[in-house]
Amino acid sequence: MFRPAVLLSILFAAQAGAQTLLPLDSRPATRVLPALIAGLGGGVPHVPPAVLLGNAGQEANPALLAAWLNMQPTDGPLIASLDALAYGGLVQSRKSPLSAAQALARLEPLHEWHTQTGQPIYAFIALPREPDATDRARNLAVARAMLDWASSGVLAQLDITWDDALPGSPAPAEGATLAKEAADRGLTNVRVYPGADEVLSMLVARALAPQLKTVRVEYSDPKAAQAVIRYEGIPLTQSAANHAAGSGFTVVESDADLTLYVFNGGDPRKSALRISALLRRGPVAVADVEKVNLGNSRLWADLTTLRQHANLRALAAWGTPGNNLGSALAHARLALNNPDPLRQDALLAREYANDVIYSTELRATLRKAVPEKELDTPQGQAELLKLAQSYFPLRIGNEYVLDAAALPWGRSFEWDFDLQTR
């Protein structure tokens, strides 16, 4: 339970002059990363504190989220996960007992916010993964209702995505049906594609940098890029195109504002040298998608030896192929938009610490040292900090030391941490 004084301090912690984000849940990938991307140009984005958002075992309280939203400034766009309000988070969207009518009632504060402020809402909603989903018809009905909101102007942009579509999942077919319905209604402000955790960051890029840029996508293994990838049910090339468009890019074959280098297998040393050569020509971002939730340690070791990791506009290796493509492209889009150089360096350092140090190396070390069931204890958290310290200081442009580290969901999959310049 929140004490009244604590709750009031949370609700009234509003600052003027920046956009407002309503994340999918409290994970760093869905809450912290989008806010840091949004803040690249200056200002402090308004983001609910983690305690107001859903986690693995507890849904967000929609009344508290609505109250928080009503206390934020109204001089900029709202960039929102609809699942956060409708169901209380991504996990809860799969198993919530709510009816479609009840879920839609929880979304009414967004309708009221738009009516009162006149500001645009950039929003997304996810079709749940199998076999976790318990009421697909309900989720589909709520997503279909959002087409009406997009049609009437309540939503300036609506992304309908599907989450972790393994073979046999009905989500791709559901998405295709909704995409056809949107096209039949002439809704040019609706996009339908696979995605979830990365989508808020992509909407941030589109909302804050609406002018399209160009991107050329290069693969370490072009032939393998034509194959259908895990969790999305589409070829890697199509996923890259989806995430590029969703982040504010037009894909081109020749010279572009950005080169996205996608490492999807092959010789990592050769790829590191190729990335180094590309950086001499212009801005480059790297998405490492060879494995799920695990970067290629040799690729990043070679890039670090060449000191080229510090010259990237963005990097991603933390999640599924779509997670990595979307977060890298979203960051890169705003990194092309005259970012604050200190914030850009700090965000690149955070991506390296999370995607390379933790996801690629430290997580496995932690799992060997501490049983998973003992991680959510003071001893487990202390062991994390002890093990993590050996990977720092980290040099990007500035040098960073690790100030704090924790496992916010009490599991080894993700960590949260603070870096300080030295």
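Me: At its relative accessibility, how does E130 count: buried, exposed or partly exposed?
Reply: Keep in mind that this is a predicted model. Buried means under 20% relative accessible area and exposed means over 50%, with partly exposed in between. E130 comes out at 29%. Since 29% sits between those two cut-offs, E130 counts as partly exposed.

Me: And R136, does that residue count as buried or exposed?
Reply: Same cut-off again: the label buried needs a value under 20%. R136 has a relative accessibility of 13%. That value is under the cut-off, so R136 counts as buried.

Me: What do the side chains of R136 and E130 meet in?
Reply: For a salt bridge, a side-chain nitrogen of Lys or Arg has to be within 4 Å of a carboxyl oxygen of Asp or Glu. Here the N to O distance is 2.9 Å. That is within the cut-off, so the side chains of R136 and E130 meet in a salt bridge.

Me: R185 and D148 form a salt bridge too, so where does R185 sit?
Reply: The closest N and O atoms of R185 and D148 are 2.9 Å apart. This pair links distant parts of the chain, 37 residues apart, with D148 in helix α8 (residues 136-152). As for R185, look in the loop between α9 (171-184) and β5 (190-194).

Me: How do R185 and D148 count by relative accessibility?
Reply: R185 has 40%, and D148 has 41%. Partly exposed is the label between 20% and 50%, so R185 and D148 each count as partly exposed.

Me: Which residue forms a salt bridge with R350?
Reply: R350 is in helix α15 (residues 341-369), and its partner is in strand β13 (residues 416-421), 66 residues apart along the chain. R350 is buried at 13%, while the partner is partly exposed at 26%. The closest N and O atoms of the two are 2.8 Å apart, and that partner is D416.

Me: Which residues do shared salt-bridge partners join into one network?
Reply: Some salt bridges share partners, and that's what joins residues into a network. The ones joined into one network here are R94, R129, D132, D163 and D164.

Me: How many salt bridges does the count come to?
Reply: The pairs we just met are part of a longer tally, including R136 with E130 and R350 with D416. The count for the model comes to 21 salt bridges.

Me: Let's go to strand β9: how many of its residues are buried?
Reply: β9 covers residues 284-288. V284, V286 and D288 point one way, A285 and A287 point the other way, and all are buried. The strand is therefore largely enclosed by the rest of the structure, and its buried count is five of the five.

Me: What hand is the crossover from β8 to β9?
Reply: β8 (residues 258-263) and β9 pair in the parallel sense over five bridges, and T259 stands opposite V284. Between the two strands the chain passes through helix α12 (residues 268-279), and this β-α-β crossover is right-handed.

Me: Which residue in β10 is the bridge partner of A287?
Reply: β9 and β10 pair in the parallel sense over three bridges. Together with helix α13 (residues 297-305), these strands make a right-handed β-α-β unit. In β10, the partner of A287 is A316.

Me: Which element gives the most to the lining of the largest cavity?
Reply: There is one cavity of 30 Å³ or more, and about 260 Å³ of space lies in the largest. Its lining has 20 residues, with P28, A29, W318, N354 and D355 nearest the centre. Elements giving two or more residues are α2 (28-38), β10 (314-316), α14 (321-335) and α15. The one that gives the most, with six residues, is α15.

Me: What about the largest pocket, which element gives the most to its lining?
Reply: This pocket has a volume of about 630 Å³. Of its 18 lining residues, V32, A35, L36, R350 and D418 lie nearest the centre, and by class the lining has 11 nonpolar, two polar and five charged residues. α2, α15 and β13 each supply at least two. The one that gives the most, with five residues, is β13.

How values were computed: Residues are numbered from 1 along each chain as its sequence is written. This is a predicted model: local features need pLDDT of at least 70, side-chain atom pairs count only at pLDDT 80 or more; totals for chains, interfaces and linings use all residues. Side-chain values use heavy atoms; hydrogens and water are left out. Buried means under 20% relative accessible area, exposed over 50%, partly exposed in between (1.4 Å probe, protein chains only). Helices (H or I, at least four residues) and strands (E, at least two) are DSSP runs, numbered from the N terminus. On a 1 Å grid over the protein atoms alone, a cavity is a set of points where a 1.4 Å probe fits but cannot get out, and a pocket is an open set with protein on both sides within 12 Å along at least five of seven lines; lining residues have an atom within 4 Å of a point. Grid points are joined across faces, edges and corners, and a volume is the space filled by probe spheres set on the points. Two strands pair if DSSP finds at least two bridges between them. A crossover is right-handed if, with the strands pointing away from the viewer, the path from the first strand over the helix to the second runs clockwise. Ala, Val, Leu, Ile, Met, Phe, Trp, Tyr, Cys and Pro count as nonpolar, Asp, Glu, Lys and Arg as charged, and the others, Gly among them, as polar.
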